[in-house]
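Reader: I am new to this structure and would like a close look at a single part of it, followed outward to whatever it touches. Please take your time over it.

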Amino acid sequence: MLRNCKVIEVFVLAVVLISSSGPVNSVESKTIDTAPSDKVDAKSTEFVKKVSKEIQSLKKNVVTLNKDLRMIEEALLFPSSTKYTVFLSLDSGQFFTLESVKLKIDRKLVTSHVYSNRQRNALSRGGIQKLYVTNLSEGKHSATAFFTGLGPNGRPYKRATTTEFEKGRGSQFLELAVSDDESAKEPVFAVKQW
Amino acid sequence: MLLTIMSGISPTQARSLKELEFGVILYDYFQQDYFSALVEYEYILASENLLEGEAVEVFKGGMMLSYGLADDSERIFDELLADSADDEIRNRAWYYLAQMYYQRSELTKANASLHKVRGTLPKDIQLQYHYLSMLINMNREHLDIVQNYLDTSSGKSELKPFLAFNLAINQIKAGDLKHARDNLKQVANYSDRSPDGKEELLVLADRARHALALLAIEQGSLPEAWEHLQTIRTTGLYSNRALLTYGWNAIEMKQYDEAIPALVILAERSITLPEVQEAKVLLAHIHELQGDKRDALKEYISAVQAYELGVALLKETRISIAKKDIPEEFVSNLKAVMNDSDWYGTQPSVDYDNLTPFLLDLLSSHSFQESLRELGDLYAIRKNLRYWDAQRAQHELILDNEVLSMSTKQIVNEINTSAVLYDKYYDQSLELKLHIQTLGLSNQKRFESILKMTSDTLSSAGGSLQLLADEKTPYVQPAKYRDDVIRVHILASKALERTNRYIQLLEKMVRNVVSRELDQQEDRIKYYEAQARLAKARLYDEAVSTLQVSDNHQPSAE
């Protein structure tokens, strides 16, 4: 959570070393014999502090603005009566390293995603990805997800899971859930309709 | 559940729709994309699907703090501390408050907040808590607590070596040299053979070895210092300073022949580095001390040329920083620039790379880093607002298109035409089905799957057609959408203007600070240049005097 985690303390002993270096008379160290100080002057620091206050208010406004813009865009593109959202979750991931996923809805490929390490890590810590948002009419539909990655013992692993579902009136959600089956030591791929 | 997830100890599957939606915030949050996480938070809050409770508030406060919204997070934590009786919630709130004060450079308040933490800390922030306390320089008693934590805690963390290093430095300040040395040795043991060999940890290990060497020198044990200095890598971010110390240490031990190779390696690097500037003149001086005047003169002449090049490079850097997009390019690539393992050994090629070696010292300044971080956030905001500006045309197009779209009568006609087609295809499919049944069993099997697929598709189309026919009027977007789109885009334009204004202000400030730093660099190079020129002149003088003396001693030809 620290924004700048790896701050290293300034090592003041450097001063001692060079100033005590006796035999060299005509060469004086200007590189490591000065005690490090903050290079930004007080006036500039004060200026940044003042502007930072104003930037905080801008940041807050922009967050709210983004929320509003997103809500409006979604209202325009995905009316609540037809909106359908697909999520992807990963529980632990001990037996499966997710590399990519492809999603077909009503036999048409609608989206695919390749995961970076950072995204995989976020998923394994409890994050859930909003994989796809679309409009679906009421009635019967099918969804098929294809998962690729590394299975137990690091072997390439491909699995598909499919489900048929009835889309009703109003927003609906589907969760593609990858979890571990401790007893079988294998990953489990499930689809859950919310 | 949220605190468990935040701690990353045992992620659990979502049990409710609210948890599912909250997982989306966590997905951005764990990727350290705090802006997107906050937008998602506000979006879910507005959709009335947000989880509730103190844990959510703590999480929001932490997220805001991470995005640099210190004032708002302070308000959240103050409220929590006023209302909550839960120890874990209170401890988290105090920790985050301390972090916030630290970011604002209010160290006394940060220290006071950390002292308010009582009992056992949540596991996921223990290490960060101790780390923060080291940065704030807590008292001697606390150093023992952190030492105990390091001695007893199991598990690996990338922060641990940094904590051990900073603890050692604080222990040196407090006079506890024994523990300091042990901690530094522990950090110094890290090597590229470690399973998770990372460059930044290797650099830290070099720093620890350097610190051990300086401690040994301080205690007059030059041979021990020598041992430590020999283990520092001759490449990598920290190698310049180490090579220079190595050279000085050898001089101290009067082992001039040992100093020369280290200084030669250093002197071959870019003249933009302060250590190289010093090494150049020092190398020449060692030759002089050894009585090797010819080599000394050669080195002084080469040093003067290098300093002239350094001044020319500074001039180029000044031109670079004046260019319009350089600050943005530099800030956006800051991580890559800092991680670039090659720049210290070669002449920079890209414009913003020109800046890097000159600004290394400046980049370690907390205030300067804060300014660059604010600038980085502003550039990200500008990119985001420009994206929405581009979307504006699309939003308006969707609204305009609806006005131009088909009338209800036209839609009814379309549905009727489709219904006729549907009936026709349905009859055809039944005929085909009957026809297939007249075929032999093996042929029937061949057509089974294609027939099922056709039947499913027709059934789905029939269902959709029925739904459309049941609607009395087609979907029309509410009239207020147009007003909302216009209003929000006007606000976005204003925010973009404001962002550009702040960017201009901060860029100007950063340019000024950089310019002052470059002035200092120029002064230093010129100082060394003057030293080298004086020494060169002195050596020439001595040579001329020697020649005159030998002329005087020559027997007259007459």
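Author: In this predicted model, four strands of chain A form an open sheet, in the order E4-E1-E7-E8, and their pairing is mixed. The edges are taken by strand E4 (128-135) and strand E8 (186-193) of chain A, each of which has a single partner strand, so one side of each is left without a neighbour in the sheet. From one strand to the next, the twist averages 15°. As general background, the strands of a sheet pair through backbone hydrogen bonds, and they may do so in either a parallel or an antiparallel way.

Within this sheet, strand E1 (residues 83-90) and strand E7 (residues 172-181) of chain A pair in the parallel sense, and seven bridges join them. One position along E1 can be followed across to the neighbouring strand, since Phe87(A) stands opposite Glu175(A) in E7(A).

The loop between E7 and E8 of chain A holds Lys185(A), a residue other than glycine whose phi is nevertheless positive, near 55°. A further case belongs to the loop between strand E2 (97-105) and strand E3 (108-114) of chain A, where Arg107(A) is found; Arg107(A) is not a glycine either, yet has a positive phi of about 70°. For comparison, most residues other than glycine have a negative phi.

The sheet also leads to the other chain, for helix H2 (residues 17-30) of chain B lies across E1, E4 and E7 of chain A and runs at about 110° to E4(A). Taking the two chains as wholes, 133 residues of chain B are in contact with 92 residues of chain A. Between them the chains bury about 10,200 Å², with 64% of that area on carbon and sulfur atoms. On the side of chain B, the residues that lose the most area to chain A are Tyr27(B), Tyr43(B) and Trp248(B), which together make up 8% of what that side buries.

Charged and polar pairs also span the two chains. The count of salt bridges between chain B and chain A is seven, and one salt bridge joins Lys59(A) to Asp377(B), with the closest N and O atoms 2.7 Å apart. Across the interface, 18 residue pairs are in polar contact, counting those where both residues are at pLDDT 80 or more. To the side of chain B that touches chain A, helix H25 (residues 480-553) of chain B gives the most, with 23 residues, and the residues of that side divide into 71 nonpolar, 32 polar and 30 charged.

Methods. Residues are numbered from 1 along each chain as its sequence is written. Chains are lettered from A and ligands numbered from 1 in the order in which they are written. This is a predicted model: local features need pLDDT of at least 70, side-chain atom pairs count only at pLDDT 80 or more; totals for chains, interfaces and linings use all residues. Side-chain values use heavy atoms; hydrogens and water are left out. Contact means heavy atoms within 4.5 Å. Buried area is the accessible area (1.4 Å probe) that two parts lose on being put together, summed over both. A salt bridge is a side-chain nitrogen of Lys or Arg within 4 Å of a carboxyl oxygen of Asp or Glu. A polar contact is a pair of N or O atoms within 3.5 Å; within protein, one must be able to donate a hydrogen and the other to accept it, and residues adjacent in sequence count only if both atoms are side-chain atoms. Helices (H or I, at least four residues) and strands (E, at least two) are DSSP runs, numbered from the N terminus. Ala, Val, Leu, Ile, Met, Phe, Trp, Tyr, Cys and Pro count as nonpolar, Asp, Glu, Lys and Arg as charged, and the others, Gly among them, as polar. Two strands pair if DSSP finds at least two bridges between them. Axes are lines fitted to C-alpha atoms, for helices over the stretch in contact, and angles run from 0 to 180 degrees between N-to-C directions.
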